[in-house]
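User: Hi! I am new to protein structures and would like a close look at a single part of this one, with its charged pairs. Could you walk me through helix by helix neighbours in plain words?

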Amino acid sequence: MPEAQNPFPTIALDQVFAGYTPERPVFEDASFTLTGPALVHVKGSNGSGKSTLVELVSGYLRPWQGKVIVSGLSASDPNSRDKRRICRSEPSLFAPMTAKDHIRFACIARDSDPGPELDRAIRLGMGEWLDENAGNLSTGNTRKLWYLMNTVGNFDTVMLDEPFNGVDAHGAHAMAAEIRSWVKTKLVVIITHSLQDLLPEAKSVSLEELVSGHRGAGARK
């Protein structure tokens, strides 16, 4: 699989005001930049805006004011989809469709060869479950399948929201090894309360500190 070409993948918020109702903004004049290649662990208390950050970077939630930039493009620009991957915390699968067909479907959407992606599934311990309907998968295998679907193909920036929840030790360590290999060329942002001992090398940053006016909180190596 070819590597992304952008040598310095970034996620940047520039004077962003955003939220879901005007009377209760989540972010007010938030400006910061995360620059890769790097592995960044974003942590924060409940209600600090972690899920809102995911939606802003995904381009689904647009700021009322300011800009959200992903590797030089607006997060809402359709062209940014090729550079960015988002794995939300809650899987959304089609219960009657097999795990293998979910992966193939994701590959069609990303114009990617399913062969290497199915090999990834086997490395994560899903080999015997690939022909099982998604509705019959365990919590851990559901999480693995969701993670796989959202990280197929070529990209330079990825945001993973609680990717290890419910995943068995073998799968979690296989995912961590894969993430570690991405960090050579990509910006990987993991949002979780705790990484435990899976990726101790990650640069840990507080979302509260990032959005409180500390510009340029980069993670560039």
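Analyst: Here is a walk around helix H3 and its surroundings, with the whole protein as a backdrop.

This is a predicted model, in which local features need pLDDT of at least 70, side-chain atom pairs count only at pLDDT 80 or more, and totals for chains, interfaces and linings use all residues. Residues are numbered from 1 along each chain as its sequence is written, and side-chain values use heavy atoms, with hydrogens and water left out.

Let us start with the backdrop. The protein has six helices and nine strands (helices, H or I, are DSSP runs of at least four residues and strands, E, of at least two, numbered from the N terminus). Its radius of gyration is 17 Å, close to the 17 Å that the globule rule gives for 221 residues, so the protein is as compact as a globular protein of that length. That radius is taken over C-alpha atoms, and the rule is 2.2 Å times the number of residues to the power 0.38. Along the principal axes, the C-alpha atoms fill a box of roughly 50 × 35 × 35 Å. Buried residues make up 51% of the 221 residues; here buried means under 20% relative accessible area, exposed means over 50%, and partly exposed is in between (1.4 Å probe, protein chains only). Among contacts between residues at least 6 apart in sequence, 74% join residues at least 24 apart, where contact means heavy atoms within 4.5 Å.

Now to the helix itself. Helix H3 covers residues 114-123, and Leu 118 sits in it. Leu 118 counts as buried because its relative accessibility is 15%. Leaving aside residues up to four places away in sequence, Leu 118 touches Lys 100, Ile 103 and Leu 130. Measuring from C-alpha to C-alpha, Leu 118 is 14 Å from Met 175, and the two are 57 residues apart in sequence.

The same helix also holds a charged pair. Side chains of opposite charge can pair when their charged atoms come close. In a salt bridge, a side-chain nitrogen of Lys or Arg is within 4 Å of a carboxyl oxygen of Asp or Glu. The structure holds seven salt bridges. One of them joins Arg 120 and Glu 117, with the closest N and O atoms 2.7 Å apart. These two are three residues apart in helix H3, so about one helical turn separates them. Both ends are out of the way of the surface in the sense defined above: Arg 120 is buried, with a relative accessible area of 6%, and Glu 117 counts as buried at 1%. Glu 178 joins them too, as Glu 117, Arg 120 and Glu 178 are linked in a network of salt bridges.

Next, follow Lys 100, one of the residues that Leu 118 touches. Lys 100 forms a salt bridge with Asp 131, and their closest N and O atoms are 3.3 Å apart. Because Lys 100 lies in helix H2 and Asp 131 in the loop between H3 and H4, the pair ties together parts that are 31 residues apart in sequence. Asp 131 is exposed, with a relative accessible area of 58%.

Just before the helix, look at Asp 111, in the loop between helix H2 (99-109) and H3. Its phi is near 55°, a positive value in a residue other than glycine. Most residues other than glycine have a negative phi, and most peptide bonds are trans. With 75% relative accessibility, Asp 111 counts as exposed. Glu 162 also has a positive phi, of about 50°, although it is not a glycine. This residue lies in the loop between E7 and helix H5 (169-182), and Glu 162 counts as buried, at 12% relative accessibility.

Finally, here is a charged residue without a salt bridge. Asp 156 is in the loop between helix H4 (139-149) and strand E7 (157-161). Asp 156 is buried, and the nearest side chain of opposite charge, Lys 83, is 4.4 Å away (Lys and Arg count as positive, Asp and Glu as negative, while His and the chain ends are not counted). What its side chain does make is a polar contact of 3.0 Å with the side chain of Ser 71, and another, of 2.9 Å, with the side chain of Thr 157. A polar contact is a pair of N or O atoms within 3.5 Å; within protein, one must be able to donate a hydrogen and the other to accept it, and residues adjacent in sequence count only if both atoms are side-chain atoms.
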